[in-house]
Amino acid sequence: LHVRSRRQRQMCIRDRVKVEGVINHGMHLYKDFIDQTKRLDIALLLVAGHDFESTTKLFDYIALKKPIVIISSSGHLSSIMREYLGNFPYIVLEDAHDFKTQIDDLISVHNSFDYNSFNIKRFSRANSLGKLELLLED
């Protein structure tokens with residue numbers, strides 16, 4: 001899902017990009033994205049694997065306690081994303097090779113993972129804004 005403002009959603013042409021086997025749901029409000037993500041068993045994150053790369057969807061998935069399948073076009077994951085994830089349930093895929101086995105392993109880790117011991121509050125928007133306020137005060 002693409003998260004955009006109401007005006008950006010109205011400007012979006014939903015059927016512009018067509019990929020066989022992929023359903024383009026167009027752009028959604030952030031609230032709709034969160035509501036739909038809550039219903040998922042697994043979250044999907046597409047990345048290029050560059051060291052400067054980070055995505056706020058990562059924080060949303062962590063906060064919602066969703067195991068994450070990360071597909072990286074380079075086969076790598078940025079060091080900052082690895083740091084954020086720590087021991088959180090996720091896998092990084094370069095391609096679809098052995099996809100089912102890896103998904104089964106991820107679900108197994110997810111089912112036994114102690115989400116209560118993982119500090120998800122450090123990824124909240126309120127916490128991030130607090131850190132930004134501190135930086136701006138300096």
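Which residue forms a salt bridge with Lys-31? Keep that in mind as you open the viewer; we will come back to it at the end of the first stop. The model on your screen is a predicted one.

**Getting your bearings**

Start with the protein chain in cartoon view. Six helices and five strands make it up. Follow the chain along its sequence and you will read the pattern β-α-β-α-β-α-β-α-β-α-α. Of the 138 residues, 27% count as buried. Among contacts between residues at least 6 apart in sequence, 62% join residues at least 24 apart.

**Stop 1: Lys-31 and Asp-35**

Select Lys-31 and Asp-35 and show their side chains. Here is the reply to the opening question: Asp-35 forms the salt bridge with Lys-31, and their closest N and O atoms are 2.8 Å apart. The count of salt bridges comes to one. Both residues lie in helix α2, four residues apart, which is about one turn of the helix. An α-helix has 3.6 residues a turn, so residues three or four places apart point the same way. Now turn on a surface. Lys-31 counts as exposed, at 57% relative accessibility, whereas Asp-35, at 28%, counts as partly exposed.

**Stop 2: helix α3**

Next, select residues 56–63, which form helix α3. Buried residues in this helix are Leu-58, Phe-59, Asp-60, Tyr-61 and Ile-62. What do they pack against? Colour these elements to see: α2 (30–38), β3 (43–47), β4 (68–72), α4 (79–85) and α6 (125–137).

Stay in α3 and pick out Asp-60. Is Asp-60 buried or exposed? Its relative accessible area is 8%, under the 20% cut-off, so Asp-60 is buried. Leaving aside neighbours within four places in sequence, Asp-60 is in contact with Tyr-30, Phe-33, Ile-34 and Arg-125.

**Stop 3: the loop after α3**

Move on to the loop between α3 and β4, where you will find Lys-65 and Lys-66. Take Lys-65 to begin with. Most residues other than glycine have a negative phi. Lys-65 is not a glycine, yet its phi is positive, about 60°. At 32% relative accessibility, Lys-65 counts as partly exposed.

Now step along to Lys-66. Which side chain of opposite charge is nearest to Lys-66, and how far away is that side chain? Select Asp-41 to find out: Asp-41 is 6.1 Å away, and Lys-66 is buried with no salt bridge. A salt bridge needs the charged atoms within 4 Å, so the distance to Asp-41 does not qualify. Look instead at the backbone oxygen of Lys-38, which lies 2.9 Å from a polar atom of the Lys-66 side chain. Not counting residues up to four places away in sequence, Lys-66 touches Thr-37, Lys-38, Leu-40, Ala-43, Tyr-61, Phe-88 and Tyr-115.

**Stop 4: strand β4 and its partners**

Select residues 68–72, strand β4. Four of the five residues of β4 are buried, so this strand is largely enclosed by the rest of the structure. Which strands does β4 run parallel to? Five bridges join β3 to β4, and these two run parallel. To see one point along that pairing, show Val-47, which stands opposite Ser-72 in β4. Four bridges join β4 to β5 (residues 90–93), again parallel. There, Val-69 stands opposite Ile-91 in β5. Trace the chain from β4 through α4 to β5: this β-α-β crossover is right-handed.

**Stop 5: along β5**

Show the side chains of β5. In a regular strand the side chains alternate between the two faces of the sheet. In β5, Ile-91 and Leu-93 point to one face and are buried. Tyr-90 and Val-92 point to the other face and are not buried.

**Last stop: Leu-44**

Finish in strand β3, at Leu-44. With 45% relative accessibility, Leu-44 counts as partly exposed. Leaving aside neighbours within four places in sequence, Leu-44 is in contact with Tyr-61, Val-69 and Ile-71. Tyr-61 is one of the buried residues of α3 from Stop 2. Try a distance label between the C-alpha atoms of Leu-44 and Leu-58: these two residues are 14 apart along the chain, and the atoms are separated by 9.4 Å.

How values were computed. Residues are numbered from 1 along each chain as its sequence is written. This is a predicted model: local features need pLDDT of at least 70, side-chain atom pairs count only at pLDDT 80 or more; totals for chains, interfaces and linings use all residues. Side-chain values use heavy atoms; hydrogens and water are left out. Buried means under 20% relative accessible area, exposed over 50%, partly exposed in between (1.4 Å probe, protein chains only). Contact means heavy atoms within 4.5 Å. Two strands pair if DSSP finds at least two bridges between them. A crossover is right-handed if, with the strands pointing away from the viewer, the path from the first strand over the helix to the second runs clockwise. Lys and Arg count as positive and Asp and Glu as negative; His and the chain ends are not counted. A polar contact is a pair of N or O atoms within 3.5 Å; within protein, one must be able to donate a hydrogen and the other to accept it, and residues adjacent in sequence count only if both atoms are side-chain atoms.
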